[in-house]
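Okay, thanks everyone for coming. I'd like to walk you through one structure today, so have a look at the screen while I talk.

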Amino acid sequence: MSKSGHNFMQTLFRPFRSSKDENHEQELEQIAAQEQKQFSFATLVSATKDFHPDHKLGQGGFGPVFKGKLEDGREIAVKKLLHSSGQGKKEFTNEAKLLARVQHRNVVNLLGYCAHGPEKLLVYEYVANESLDKHLFKSGRRDALDWKRRYDIITGVARGLLYLHEGSPSVITHRDIKAGNILLDDKWVPKIADFGMARLFPEDETHVNTRVAGTNGYMAPEYVMHGRLSPKADVYSFGVVILELISGQKNSSFIPILDAENLLEWAYDLYKKGKSLEVMDPALASSAVPDQVAMCLQIGLLCTQSDPQYRPTMDRVVLLLSKKPGTLVEEPRRPGYPGSRYRRSRRPTTSIDSGNFDSDMFGSTINSDDHSATATTSSSRRTSRQLGSRGKLPMQG
C-alpha cells in the first residue's frame, strides 16, 4: 500500500472515528486504500456539471446522489455527504469500509472516494435502470418486469446475499434488504446497494444483539422485537422481496384482505389452500411459468417463517432455486412479522428493547420509501410510530 493511499484514507475517516474503534478502523482503512481509487474533487465537479440539479438521481440516507460522466466515458453515481448529517457520517463511513472489501456481480461496485476539505464523496458505477421499487410499484413501469426478469432478479439477489454471508472476506449482514436497495443495470442484472446500515458479523457467532435499523415491512420479527441480528434477518427481508416480486404489491402498504393483515399472511393463506397462483401479479399472466412462480412463492414463505431457526440459509436458498419446479418438498410454517407471536428458541445474552431509539435521529436515515405500514397488532403499531417519516429506523449499532 502506498503512503499516499494510507494518508488519504486517514483523511477520509478521521473526523468520524471514535477512539475505541480506532484499531478496527485502521485495519479497514488499509484494506480500502489497497482496493479503491481516489478521485479528485475537481474530477467529480466536472463529471456532474458542478452537481447540477438536472444530474440529481435521488436523495440517499446521508445526502444527494448525482449522475456523472468521467473523461474516459464511464458513467458514475456520486454520493455526496451532507455536512450537517451526523447519522449520515456514520452510514457514510460504514458503507465505505464495507464496500472496500467486496466485489461481486450482484453487489454494487464502489469505484472510489473523494475527500476535499469538508467534502466527502463516494463514487459508484452508474446503474442505468435505477432501483427495483421504481419499476415494481409503479403501474406504468411494471410491465418492463416480465416473469423471466423477476425470476432473474430473485436468483441474482440470492447469489449476492450468499456472497455477503459466506463468500466475502468477512461475514456481512446487510440489515436493509428491500426493493429500494436493489439496483438494476442496463441488462436488468440486480445489484445490492446501500450498505450504510450493514454490519460485519463476528466470526463464529450465530447472532449478535444490537439496536434496530432497517425499513418497515422488511425487518424480521426477532430483530425488531428483541434486537437479535443474524444473517437470517437478511433471509427474512429477501423472502419479503420475493413475495413482492411475485405479487407486485408492497408489504408495508398492503391493504388487508379478509383475515390477512399483510402480504405475508395473505400469500401464506392462499398457499395453504393450494391457490398459490392467485398471489401472482396479473401483469405476469402472459409470461409466467406457473410451476416456477409456485416454487418461488414457497421459497419466499420459507424465508419469512417466524422462527429464524427454520429459515434456510442463503446457500440453501440458492440450491432450492436451482431445483426443478415441483420438486420442493419443504413446507413453510406461518410467517412472522413485528407484533406477531414469536418465541425465541434460545435466550439471548442481552435483552435489548427495540423501542429504545433516539427519535431525533430518525430524519437522517430517510430514503425514498413511503411511510405506509401494515397494521398488525398493538406491538407492531407501536413500532410503526417509532419509525421515521418514511418508514426507516436509524442505525444505532
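Let's start with strand β4, residues 75-80, which is mostly covered, with 5 of its 6 residues buried. Before I go on, keep in mind that this is a predicted model.

So who are the neighbours of β4? On one side there's strand β3, residues 64-69, running antiparallel to β4 and joined to it by 5 bridges. If you want a specific pair to click on, take Gly 68, whose bridge partner in β4 is Ile 76. Between β3 and β4 you have a hairpin with 5 residues between the strands, and in there Gly 73 takes a positive phi near 95°.

Now the other pairing. Strand β6, residues 119-125, also runs antiparallel to β4, and 5 bridges join the two. Stay on Ile 76 for a second: its bridge partner in β6 is Glu 125. So Ile 76 is bridged to Gly 68 and to Glu 125.

Okay, zoom out a bit. What order do the strands of this open sheet come in? There are 6 of them, and you read across as β1-β5-β6-β4-β3-β2, with mixed pairing. At the edges sit β1, 37-38, and β2, 56-59, each pairing on one side only.

While we're zoomed out, some overall numbers. The protein chain has 12 helices and 14 strands. It has 397 residues, and 57% of them count as buried. Then the contacts: among those in the chain with a separation of 6 or more, 70% are between residues 24 or more positions apart.

Next, helices. Helix α6 covers residues 147-167, so that's 21 residues, and at 1.5 Å a residue it should span 30 Å; the end C-alpha atoms are 28 Å apart, which agrees. α6 is mostly covered too, with 15 of its 21 residues buried.

Just past that helix, in the loop between α6 and β7 (172-173), you'll find Ser 170. Is Ser 170 buried or exposed? It comes out at 19% relative accessibility, and the cut-off for buried is under 20%, so Ser 170 counts as buried. Leaving out residues up to four places away in sequence, Ser 170 touches Arg 101, Leu 164 and Leu 200.

Leu 200 comes up again with Leu 98, which sits in helix α4, residues 86-99. Leu 98 counts as buried, at 2% relative accessibility. Again not counting residues up to four places away, it touches Ile 172, Phe 195, Ala 198, Arg 199 and Leu 200. Look at the Ile 172 contact in particular: Leu 98 and Ile 172 are 74 residues apart along the chain, and their C-alpha atoms are separated by 8.1 Å.

Now for a couple of lysines. Where does Lys 178 sit? You'll find it in the loop between β7 and β8 (182-184). Lys 178 is buried, with a relative accessible area of 1%. Its C-alpha atom is separated by 9.5 Å from that of Asp 234, which is 56 residues apart from it along the chain.

The other one is Lys 191, in strand β9, residues 190-192. At 8% relative accessibility, Lys 191 counts as buried as well. Setting aside neighbours within four places in sequence, its contacts include Arg 105, Asn 106, Asn 181 and Asp 185. Glu 125 is also among the residues Lys 191 is in contact with, and that's the β6 residue we just met as the bridge partner of Ile 76.

Last stop: a helix pair. Which way do α10 and α11 run relative to each other? Helix α10 is residues 290-303 and helix α11 is residues 314-321; their axes come within 11 Å and cross at roughly 170°. Anything over 145 counts as roughly antiparallel, and therefore α10 and α11 are roughly antiparallel to each other. From α10, the contact is made by Met 295, Cys 296, Ile 299, Leu 302 and Cys 303, and from α11 by Val 317, Leu 320 and Leu 321. Sort that contact by class and you get 8 nonpolar residues, no polar ones and no charged ones.

That's my tour. Happy to go back to any of these.

Note on methods
Residues are numbered from 1 along each chain as its sequence is written. This is a predicted model: local features need pLDDT of at least 70, side-chain atom pairs count only at pLDDT 80 or more; totals for chains, interfaces and linings use all residues. Side-chain values use heavy atoms; hydrogens and water are left out. Axes are lines fitted to C-alpha atoms, for helices over the stretch in contact, and angles run from 0 to 180 degrees between N-to-C directions. Helices (H or I, at least four residues) and strands (E, at least two) are DSSP runs, numbered from the N terminus. Angles under 35 degrees count as roughly parallel, over 145 as roughly antiparallel, 65 to 115 as roughly perpendicular and the rest as oblique. Contact means heavy atoms within 4.5 Å. Ala, Val, Leu, Ile, Met, Phe, Trp, Tyr, Cys and Pro count as nonpolar, Asp, Glu, Lys and Arg as charged, and the others, Gly among them, as polar. Buried means under 20% relative accessible area, exposed over 50%, partly exposed in between (1.4 Å probe, protein chains only). Two strands pair if DSSP finds at least two bridges between them. The expected span of a helix is 1.5 Å times one less than its number of residues.
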